[in-house]
Amino acid sequence: MKTIGVLTSGGDAPGMNAAVRSVVRTAISLGMTVKGIRRGYNGLIDGDMIDLDARSVSDTIQRGGTFLYTARSPRFKTEEGMQEAIANCKREGIEGIVVIGGDGSYRGARDLSERGIPCIGIPGTIDNDISSTDYTIGFDTAMNTAMEMVDKLRDTSQSHDRCSVVQVMGRHAGYLALQTGIAVGAAAVLVPEIETDLSEVIEKIRHTNESGKKHFIVIVAEGYKTDVQTIAKMIQEQTKIESRATVLGHVQRGGSPSVRDRVIATEMGYNAVQLLSQGIGNRVICYQKGDIIDRDIFEALSMTKTLDHKMFEISNVTSI
Ligand code: ADP
Ligand code: F6P
């Protein structure tokens, strides 16, 4: 391939810039040129692209967000939108694309690959909810951000003998909530994947309060069935411990990427371009038991991933 494209799609994640930088510089080292496609698949449809050389990605490795911008593109899900995207690829001489995003973005990459534009997916989302990989770019930074913010909440919660009920992101998954919960020493973690009896959680808080514990942190995944305001109200009513609900929100998606995210993003970008340079497409890059591997995109999309129940158990055991 002489020219490849790179785009970021879906929710942004810290480390996406590091991945783009790696794609660009690896491609240049292999004699290819790179087009940056802006605002995800919308940029493909609208022909919104920029030439990227080694200097275009200077000073980006430490930055959160994505300098290519990102979007969710309903138009791309239509055959008409997809055909426009393909026509633009042909016009710009783009022979392959690196797509950095989540499972939704992978579906777009699969559809493009099926229509003759080979794509390689790189997992980028703070949710860590992509089935084909143990790890997604952005997860580590988001966990650290959430942890730092909950540590600050703990100061005020402790000063007032309160219970802080904190919602963290994760869409339908509880990976971010579980790891953050363990890291902040939460009294309870509530995730969509594991059925939890709220009355048992409240009873545990009441019981540990009697045994001397004065302030509490409860971490709730955004996909959990009950919202944080309701949970805080229930805890206050049933235990008489003053409770406050906090939604951490989009701040979890920002910030300078951690070492882990920068390094993994760089390695994944390198591997993705190596595949395209050999004419190999229709694959996704995965992190598996400490190694970076790649898989067929169809296989990747049919995989399932489960929350680590042992970690959930450890969280419960260590929160008494
Ligand atoms: P993520 O990649 O983080 O999972 P989304 O699910 O929002 O985020 O997907 C990002 C974009 O990928 C969508 O806006 C759409 O353009 C494209 N996409 C998602 N699902 C499909 C699909 N089934 N077919 C084609 N493109 C899709
Ligand atoms: O997928 C990343 C994520 O931040 C999820 O955790 C969250 O549910 C969603 O995106 C929020 O999306 P938006 O930025 O559209 O509000």
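Which loop is the place of K289? That one gets its own view at the end; every close-up here comes from a predicted model.

**View 1. Ligand 1 and the residues around it.** Here we zoom in on ligand 1, which has 16 residues around it. The ones that come nearest are R72, S73, G102, G104 and S105. Sort the shell by class and you get 8 polar, 6 charged and 2 nonpolar residues. If you want one element to look for, pick helix α4, which spans residues 103–114. That helix supplies 6 residues, the largest share of the shell around ligand 1.

**View 2. Polar contacts of ligand 1 with D103, G104 and S105.** Follow the chain through three neighbours, starting with the backbone. A polar backbone atom of D103 sits 3.5 Å from an oxygen atom of ligand 1. At G104, a polar backbone atom is 3.0 Å from a ligand 1 oxygen. With S105 we switch to the side chain: one of its N or O atoms is 2.5 Å from an oxygen of ligand 1. How much of ligand 1 does the protein bury? On its own the ligand exposes 560 Å², and 85% of that is buried by the protein. As for its location, ligand 1 sits in the largest pocket.

**View 3. Ligand 2 and its shell.** Now over to ligand 2, which also sits in the largest pocket. Its surroundings are R72, T125, I126, D127, M169, G170, R171, E222, H250 and R253. R72 may look familiar from View 1, where it was listed among the residues that come nearest to ligand 1. By class, the shell of ligand 2 holds 5 charged, 3 polar and 2 nonpolar residues. Why does ligand 2 lie between two domains? Domain 1 (3–138 + 257–302) and domain 2 (142–253) each give residues to the shell, so ligand 2 ends up between them.

**View 4. Side chains in polar contact with ligand 2.** Three side chains are worth picking out here. D127 places a polar side-chain atom 2.7 Å from an oxygen atom of ligand 2. For R253, a polar side-chain atom is 2.8 Å from a ligand 2 oxygen. H250 joins in as well, with a side-chain N or O atom 2.9 Å from an oxygen of the ligand. Taken alone, ligand 2 has 400 Å² of accessible area, and the protein covers 76% of it.

**View 5. Two loop residues with positive phi, D59 and K289.** Away from the ligands, let's look at some backbone angles. Most residues other than glycine have a negative phi. D59 is not a glycine, yet its phi is positive, at about 65°. You'll find D59 in the loop between β3 (49–52) and α3 (79–92). K289, another non-glycine, has a positive phi of about 50°. And back to the opening question: K289 is in the loop between β10 (283–288) and β11 (291–296).

Terms used
Residues are numbered from 1 along each chain as its sequence is written. Chains are lettered from A and ligands numbered from 1 in the order in which they are written. This is a predicted model: local features need pLDDT of at least 70, side-chain atom pairs count only at pLDDT 80 or more; totals for chains, interfaces and linings use all residues. Side-chain values use heavy atoms; hydrogens and water are left out. A residue is near a molecule or strand if one of its heavy atoms lies within 4 Å of it. A polar contact is a pair of N or O atoms within 3.5 Å; within protein, one must be able to donate a hydrogen and the other to accept it, and residues adjacent in sequence count only if both atoms are side-chain atoms. Accessible areas come from the Shrake-Rupley method with a 1.4 Å probe; for residues, only the protein chains shown count as cover. On a 1 Å grid over the protein atoms alone, a cavity is a set of points where a 1.4 Å probe fits but cannot get out, and a pocket is an open set with protein on both sides within 12 Å along at least five of seven lines; lining residues have an atom within 4 Å of a point. A molecule sits in a cavity or pocket if more than half of its atoms lie within 2 Å of its grid points. Helices (H or I, at least four residues) and strands (E, at least two) are DSSP runs, numbered from the N terminus. Ala, Val, Leu, Ile, Met, Phe, Trp, Tyr, Cys and Pro count as nonpolar, Asp, Glu, Lys and Arg as charged, and the others, Gly among them, as polar. Domain bounds come from an automatic or database domain assignment.
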